[in-house]
2 protein chains.
Amino acid sequence: MNINRQWILARRPFGMVSADNFEYREVPVPEPGDGEVLVRNLYLSFDPTQRGWMEDRESYMPPVRIGEPMRAGAVGQVFASNHPDFETGELVQTLGGWQDFLVANPSAGMLSLSKLPPGIDPAMILSVLGTTGQTAYWGLLDLGKPQSGETVLVSGAAGATGSVAGQIARIKGCRVIGIAGGPEKCAWLTEEARFDDAIDYKSEDVDARIAELCPDRVDIFFDNVGGGILEAALNHINMRARVVMCGGISAYNATAPVPGPANLMNIVVMRARMEGFIVIDYMDRFAAAAQELMGWVQSGELVYQVDVQEGFENIPQTLTRLFTGQNRGKQLLKIADPA
Amino acid sequence: MNINRQWILARRPFGMVSADNFEYREVPVPEPGDGEVLVRNLYLSFDPTQRGWMEDRESYMPPVRIGEPMRAGAVGQVFASNHPDFETGELVQTLGGWQDFLVANPSAGMLSLSKLPPGIDPAMILSVLGTTGQTAYWGLLDLGKPQSGETVLVSGAAGATGSVAGQIARIKGCRVIGIAGGPEKCAWLTEEARFDDAIDYKSEDVDARIAELCPDRVDIFFDNVGGGILEAALNHINMRARVVMCGGISAYNATAPVPGPANLMNIVVMRARMEGFIVIDYMDRFAAAAQELMGWVQSGELVYQVDVQEGFENIPQTLTRLFTGQNRGKQLLKIADPA
């Protein structure tokens, strides 16, 4: 246990991210300094936003540097502690990335290191109660402001964020339509997540199906996809519609700039709003949201899927699953069970 | 005076609107019925939004039908009245369009017929105090919410709406940069309208100039243009920026869908907002806004330009001036002086 396995960012991607962008290396396990904590990673989170972190460009976080372990959300366990508030064996959440061990400094803030509530399932804290669930919660409620009886359309609806956003909309009394890829995901949406209907963008005319399934037009479009899906949705927005801009996965692996929708003027005609957000701005309110989300899970109103891969060697390929649509709900990888 | 001259919409435009889309005809002057008013048009307003009214598609107003006089804002004079509240000789505002005479019904609402305050200059009511000034006022203040010290970027800045939006931003303590076409318009912006600086999109690299002139980035982008100008602006938005979507004149005469900006994800990264509006929604508050605008005009804080063409025969060509950039400020055409 003196070796720290890592997957480092070796080459920035051009186009589709692949395992070739990363290199495996082994380094010594780092030593925690005064006030620091040594964490051993157990579960890694895979999120579309990681693709952006691989680009050498300004964003809401600095790019991952070449030669650094790939940044990723993770649940880990305190392995050694020089900080009075952290004890060996406690479960923590970090942005520690693709490695077995990392040194974290509790004074660097919640994003860097936070404790998990006792007894919590690590897979839940990395999915429905964590970043993706929180993204759904704050995006839908704070930006979308759903009103009972409204029609809510969600793209990337079978994903970890979209599926939660749609279900919260249903809980709030909205009619909810999801857009997802393939019959299996669409069936999950209507049968398990109890969306009112689902559109399979791989086999259906999305524009025509939105028109058909949203006769009162779309009051909230929660968008994870962008591109042609966004354009189709904008054709059917209602007066004073809110477009919650959560992500644009359709363009994350593009090799050239992808033009935006040609119908932005519908925003003007319909007095609508498109608004973006980054969930880390809500971090100081995560605990309250997690409590409400947990309540919905326990009452059966909110279901979630986790797709847990295993094996340190499979980390790079697991990231690509997000962009090929292979993942079934929240993509995780288990490195190790808690000690 | 028994003839009513009209320019009717004869053919819907494909691409750039031209005089060929209209046909001249003469019809009898209509008779006002019970409770109706016969209005003689004096001044016509020309607005980019008229281009949209010529298309056979759903929008915030129904399309102008083929064979109907082209719809246009106008100031006219009551010529005969069967309504107790309207007297012959009073000045009124209508949407009466490209004709000498129209019958209006006061019960059809303010958009159809409203009285002008006594002594008002018709050119003012069709510009700085009217639709274009109101559009600037409500778009900037209600959607943009300018704060003192913020940076405001305006496209179509020498136009009737953009010039007023930028000056209101300056009055509210903002740093204001305008984008316009050609050195004459840019000089007017900085010298007369007292913008802090101007970018000539015809001769300058708009993206580079925004970067240079907005070192603290752009807090509000008041956009009348869309297209490449919008994309350039989105590259430089600040955190929590507001993009006031007023219009998109760059695409109004396009013959094929014009792709939107490729950088919409900057809206997400910067937690920004793009919002559209139609000024008629604010009509019940026009009077109060007109009073404030008039105060700024009288104190010299707000200047405006009107470009008054003359001659009924020149009506169709005058519309095209908006899309070639020939207009200098608010485009009007005088049909006749008040009797």
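**Close-up views of a two-chain model**

**View 1. A salt bridge that joins the two chains.** Arg271(B) and Asp281(A) bring their side chains together in a salt bridge, with 2.7 Å from N to O. Keep in mind as you look around that this is a predicted model. The pair belongs to a wider set: across the interface of chain A and chain B, the rule finds six salt bridges. On the chain A side, β12 (237–245), α8 (265–269) and β13 (273–276) each supply at least two of the residues that touch chain B.

**View 2. The whole meeting ground of chain A and chain B.** Step back a little and you'll see 32 residues of chain A in contact with 32 residues of chain B. How much area is buried between the two chains? It comes to about 2,400 Å², and carbon and sulfur atoms give 60% of that. There are polar links here too, with 12 residue pairs in polar contact across the interface.

**View 3. Val269(B) and the residues around it.** This valine sits in helix α8 of chain B, which runs over residues 265–269. Is Val269(B) buried or exposed? Its relative accessibility is 16%, so Val269(B) counts as buried, the cut-off being under 20%. Setting aside neighbours within four places in sequence, Val269(B) is in contact with Ser59(A), Tyr60(A) and Ile278(A) from chain A, plus Met239(B) from chain B. For a sense of scale, try finding Val64(B): it is 205 residues away from Val269(B) along the chain, and their C-alpha atoms are 41 Å apart.

**View 4. Helix α9 of chain B, end to end.** This helix covers residues 286–298, which makes 13 residues. At 1.5 Å a residue, α9(B) should span 18 Å, and that agrees with the 18 Å between its end C-alpha atoms. Just past the helix comes Gly300(B), which takes a positive phi of about 85°.

**View 5. The two sides of α9(B).** Which residues of this helix are buried? They are Phe286(B), Ala289(B), Ala290(B), Leu293(B), Trp296(B) and Val297(B). Looking down the axis of α9(B), these buried residues fall within an arc of 120°, so they line one face of the helix. The spacing makes sense, because an α-helix has 3.6 residues a turn and residues three or four places apart point the same way. Turned away from the buried side of α9(B) is a face with the exposed residues Ala287(B), Ala288(B), Gln291(B) and Gln298(B).

**View 6. What covers α9(B).** Several other helices of chain B help cover the buried residues of α9(B), including α2 (122–125), α3 (131–144) and α4 (160–171).

Technical notes:
Residues are numbered from 1 along each chain as its sequence is written. Chains are lettered from A and ligands numbered from 1 in the order in which they are written. This is a predicted model: local features need pLDDT of at least 70, side-chain atom pairs count only at pLDDT 80 or more; totals for chains, interfaces and linings use all residues. Side-chain values use heavy atoms; hydrogens and water are left out. Helices (H or I, at least four residues) and strands (E, at least two) are DSSP runs, numbered from the N terminus. The expected span of a helix is 1.5 Å times one less than its number of residues. Buried means under 20% relative accessible area, exposed over 50%, partly exposed in between (1.4 Å probe, protein chains only). The arc is that of the directions from the helix axis to the C-beta atoms. Contact means heavy atoms within 4.5 Å. Buried area is the accessible area (1.4 Å probe) that two parts lose on being put together, summed over both. A salt bridge is a side-chain nitrogen of Lys or Arg within 4 Å of a carboxyl oxygen of Asp or Glu. A polar contact is a pair of N or O atoms within 3.5 Å; within protein, one must be able to donate a hydrogen and the other to accept it, and residues adjacent in sequence count only if both atoms are side-chain atoms.
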